[in-house]
Amino acid sequence: MGHHLDALVDAAATGDGVSLDGLTAVHDDAGFRLETPDATLSGLTEGGLREALADCDDYATNWYFWSEVLGESGPQRRAFLRWVEGARVDAGGDDDGDGDGGDNDADADADADAASVPERYDALRDGVSREWGQLLVTATVDDHGERSYELRHADEVDADRDELDAYHEPLAARQLATYDEKGRYRPLKSGNNLAGGWVFPDLGGRDLVETVETFYPASVPNWYRERRGELDVTHWEDAIGRQTGMYSVVKTWNRGDGHEHVDWVAEACCDDSQCVKRREWQYDDDADLDVDGGDGAFPCREPCSVVIAASRKWTRLEGEDTQTYEFELTPSEKEQVEAIVDAVADDRTDDIREADVYEGANRYRARFLRAKLFDDEGNLGGVPTDAPDDE
Ligand code: SF4
């Protein structure tokens, strides 16, 4: 008999007994009562309870893991770990465990597709994986109900573990998150450019969440708050208003054309192709942006420093008046300019090979265009950038 059974029998005998994931074990006037979705047994002696529990050991070890091993572990961590393995996450507004069935119904709604313990265990024995941004978390269970977690880059789902560099300390994630694949500094932790090549093969629950939080700071608490309906969102207007010197300049963006500029900011920076967070901030309380916030697993609650810094720059640029220039381009040259902008915006320039001269953003094609159209000062079509004198 495992010590999980000793703990469970003790817990069943005290107070309200045990109730988790379909398992109920309590002591009443008739003795012990044991309920699972498959059977209800009552009037049991302690020995009878132990015997019955041995027949539903998955339920017993599951209870032991969540109640005793994780125990007082913070509610956010617990919620995240339960989400990872597809268990019902208690994200209702009432966390004091007062046994109010109404709250549990509300939770059940949120996790209507949560799997039963035997289903979960079947899946966990093979490994259950979830994506979190560009991270892939895989949970497994051993014969004692102990979970362990593997963390790797989501793009390397099929990579052989031995071919990845193994790490064990959550803080190692800090270094791994600093540079992208090409060795460039990543200013945005949630940027969609996390490098791979590493694995945390065997983390406990606490270390898993710490590692995830090192890759994506505050992602778990914000996700948790959102589930509880408590995410505190700061919209663009308020976020910008707090930036010294920003408000007056940014106001120039709002002249007559609504929030179009902010739509462009969101499209440029917050798109799923650029950032793994799901943008929840909008223009203000009343006006949503016209751009989709994305499908990220965890929310973004306010414009980040990268977006603010970029907006400062755009604000200055957008303050300029337009000019009319006259160049002559062949249709293919016009399309080539468009292809170059697309390739840079989608970070595809490195993928376009020298030999690929059908690509507008091919290096030789771009050099040819420059040789043909730029003058010695680098002016397109030989047309100076300065505003031409008015007549
Ligand atoms: S503001 Fe946009 S780019 Fe910045 S973290 Fe949020 S979603 Fe990502």
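The exercises below, each with a worked solution, concern the predicted model shown above.

In this predicted model, local features need pLDDT of at least 70 and side-chain atom pairs count only at pLDDT 80 or more, while totals for chains, interfaces and linings use all residues. Residues are numbered from 1 along each chain as its sequence is written. Helices (H or I, at least four residues) and strands (E, at least two) are DSSP runs, numbered from the N terminus.

**Exercise 1. The sheet of four strands**

Determine which strands of the open sheet of four strands stand at the edges, and why one side of each is left without a neighbour.

Step 1. Begin with the strand order, which is β1-β2-β3-β4 with antiparallel pairing, where two strands pair if DSSP finds at least two bridges between them. Strands of a sheet pair through backbone hydrogen bonds, either parallel or antiparallel.

Step 2. The edges are taken by β1 (18-20) and β4 (39-44), and because each has a single partner strand, one side of each lacks a neighbour in the sheet.

Step 3. Inside the sheet, β2 (residues 23-28) and β3 (residues 31-36) run antiparallel and are joined by five bridges, and Thr-24 has Glu-35 in β3 as its bridge partner.

Step 4. Two helices can then be placed: α1 (residues 3-13) lies across β1, β2 and β3 at about 55° to β2, whereas α2 (residues 46-55) lies across β2, β3 and β4 at about 15° to β3. Such angles run from 0 to 180 degrees between N-to-C directions, and axes are lines fitted to C-alpha atoms, for helices over the stretch in contact.

**Exercise 2. The sheet of five strands**

Find in which sense β9 pairs with β7, and in which sense β9 pairs with β8.

Step 1. The order of this open sheet is β5-β6-β7-β9-β8, and its pairing is mixed.

Step 2. Strands β7 (residues 147-153) and β9 (residues 198-203) pair in the antiparallel sense over three bridges, with Leu-203 of β9 as the bridge partner of Tyr-149.

Step 3. Strand β8 (residues 165-166), by contrast, pairs with β9 in the parallel sense over two bridges; Asp-165 has Trp-198 as its partner in β9, and Ala-166 has Val-199.

**Exercise 3. Two helices in contact**

Decide how the direction of α4 is related to that of α9.

Step 1. Helix α4 (residues 75-84) and helix α9 (residues 219-227) pack at an angle of about 85°, and their axes are 9 Å apart.

Step 2. Therefore α4 is roughly perpendicular to α9, since angles under 35 degrees count as roughly parallel, over 145 as roughly antiparallel, 65 to 115 as roughly perpendicular and the rest as oblique.

Step 3. The residues that meet are Gln-76, Ala-79 and Phe-80 in α4 and Val-220, Pro-221 and Tyr-224 in α9, where contact requires C-beta atoms, placed from the backbone, to lie within 7 Å.

**Exercise 4. One residue**

Is Ile-340 buried, exposed or partly exposed?

Step 1. Ile-340 has its place in helix α14 (residues 331-345).

Step 2. Ile-340 counts as partly exposed because it has 19 C-beta neighbours inside 10 Å; a residue is buried if 20 or more other C-beta atoms, placed from the backbone, lie within 10 Å of its own, exposed if 12 or fewer, and partly exposed in between.

Step 3. Leaving aside neighbours within four places in sequence, Ile-340 is in contact with Gly-360, Ala-361 and Ala-366. Ala-366 is 26 residues from Ile-340 in sequence, and 8.0 Å from it in space, C-alpha to C-alpha.
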